[in-house]
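Here are a few short exercises on helix packing and sheet order. Have a go at each one before reading its solution.

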Amino acid sequence: VDASIEQIMRCADKGFDLVRVTVQGKREANACAKIREGLFKKGYDIPLCADMHFQPVIAQLVADAVEKIRINPGNFADGRKDFEEKVYETEDDYIQEREYLFDAMLPLVEKCKSLNRAMRIGTNHGSLSSRVLSFYGDTPRGMVESAIEFADICRSQDYHNFVFSMKASNPLVMVQSYRLLAAEQYRLGWDYPLHLGVTEAGEGEDGRMKSAVGIGTLLADGLGDTIRVSLTEDPEFEYEPCNRLAEIADSRLAKNEDAKKRQEAVKTYVDTRDITSYKRRHGDLPAAKEGDAVDVSGFLHKDGAVIAEVSPEMLSAENSQYLYQQLGCKTAVGMPFKDIATVDSIFMREVPSSDDTAARTALRRLIEVSMGVVVPAEVLEKDPVPNAVALMELEDALEKNGELPEGAIRLAVTVHGDESDETLAKIKDLNPAMIFLKVSPDLSQLHASRRVFEILKKEGITTGIVHHYQTDTDDSNELAL
């Protein structure tokens, strides 16, 4: 009890709005009452949420002590998971089994309503009931339907003080589930809040990235009322990334005057995304052509390319071996070769002088193992690099009809999101190896990017896209978000 009080106080001091406490049984429920009392005595009134599993009766007991109850539809009343497949001939057969859910939930709903306690109906992808799994399978739709039937019980008692969550350890499943739930609420005419989170996100940069992918995507959709970044670190360390995600999202909402101007500056487009699915776009790898001196297919990767910026000094004789290591290359007798974790291409704003033999040799060795070297076309015109990728502004590339500087093997174009539909459609004629999407600062990055992708989809352009994002921070945690 004392340790929990100290931990909750640290969280409150950080700035958390609510703390969740796991309650497995009666002993923990009694401890919750002591924790709540101890916090009040120390002057802390931060709300507590009891996380319940399998124990409807204990949930009623702990409701006396805490401000919120979280129930998991997968095991709250349906904890009798027997892992046997149930066969439902019709949806009516499935619905008929809801009666025992109502009986288990009703006392808690009545108590929460009488005490003015809040409730979170928190579906978890990893703990769907055998009943739901048998009818809907291990799917986002099953998660949504599981939550909706518990919400129906609450609504039948005129109890509306609840929120939803659709957590999963896989951000793809999590995003799809929340979008489905939001669509279902629109269909039903509901407007209950959404609590966002990715379960078991991990620690360090990985945990922050995973949370940013799931939570950030939904916040960008305008979905989400409360959030939690779940890290395998002490709970107080969850505050910074959680709060930062909220700040980033808030700064992009239309209620912010600058954000509103950037959104309105984006040319009109039709959003054709299917909210019932969450699939990433797969861009084509650069295709080989007759006469190619190197394998260009390795310049991008089918599962997402990594491009690193390199300066000429890094290619010097004394630095090149360290550079190979930093790029993730394996080496044999000083020669680099690609591995699964190797950078796919490098970006150079300047190139080593043609008379710098050591640096040019290091550059050539990277190109020979199918690493792309992307260089602005105007730089290559002054100092050619054999088999480099020439980067041009889209307008310039169209004006030159895609003509490459001497020695360049492929074209890459930069798009800023303010081009006309007709101009973007002409990318197909250029057939570049890759497109750098560097959104103009006076446009909403999200909406301008979505517009570009919609036009490319409409025109059947499947070229690989690189999001060119510039920042002045060197904080790895900030970059992860």
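**Exercise 1.** In this predicted model, work out how the axes of helix α1 and helix α2 cross, and classify the crossing.

Solution. Start with the two helices: α1 covers residues 2-14 and α2 covers residues 26-41. Their axes come within 9 Å and cross at roughly 55°. Now the class: angles under 35 degrees count as roughly parallel, and 65 to 115 as roughly perpendicular. The angle fits neither range, so α1 is oblique to α2. As for handedness, the crossing of α1 and α2 is right-handed.

**Exercise 2.** Which residues make the contact between α1 and α2, and how do they divide by type?

Solution. Take one helix at a time. α1 brings S4, I5, I8 and M9, while α2 supplies K34, I35, G38 and L39. Sorting the residues of this contact gives five nonpolar, two polar and one charged. Watch out for glycine, which goes with the polar ones here.

**Exercise 3.** Write down the strand order of the open seven-stranded sheet, then explain why β8 and β16 each have one side without a neighbour.

Solution. Reading across the sheet, the order is β8-β11-β12-β13-β14-β15-β16, and the pairing is parallel. β8 (307-309) and β16 (465-467) sit at the edges with a single partner strand each, so one side of each has no neighbour in the sheet. From one strand to the next, the twist averages 30°.

**Exercise 4.** How many bridges join β12 to β13, and which residue stands opposite V375?

Solution. Parallel strands β12 (residues 372-376) and β13 (residues 389-393) are joined by three bridges. Opposite V375 you'll find A390 in β13.

Technical notes
Residues are numbered from 1 along each chain as its sequence is written. This is a predicted model: local features need pLDDT of at least 70, side-chain atom pairs count only at pLDDT 80 or more; totals for chains, interfaces and linings use all residues. Side-chain values use heavy atoms; hydrogens and water are left out. Two strands pair if DSSP finds at least two bridges between them. Helices (H or I, at least four residues) and strands (E, at least two) are DSSP runs, numbered from the N terminus. Axes are lines fitted to C-alpha atoms, for helices over the stretch in contact, and angles run from 0 to 180 degrees between N-to-C directions. Angles under 35 degrees count as roughly parallel, over 145 as roughly antiparallel, 65 to 115 as roughly perpendicular and the rest as oblique. A crossing is left-handed if the near helix is turned anticlockwise from the far one by less than a right angle, and right-handed if clockwise. Contact means heavy atoms within 4.5 Å.
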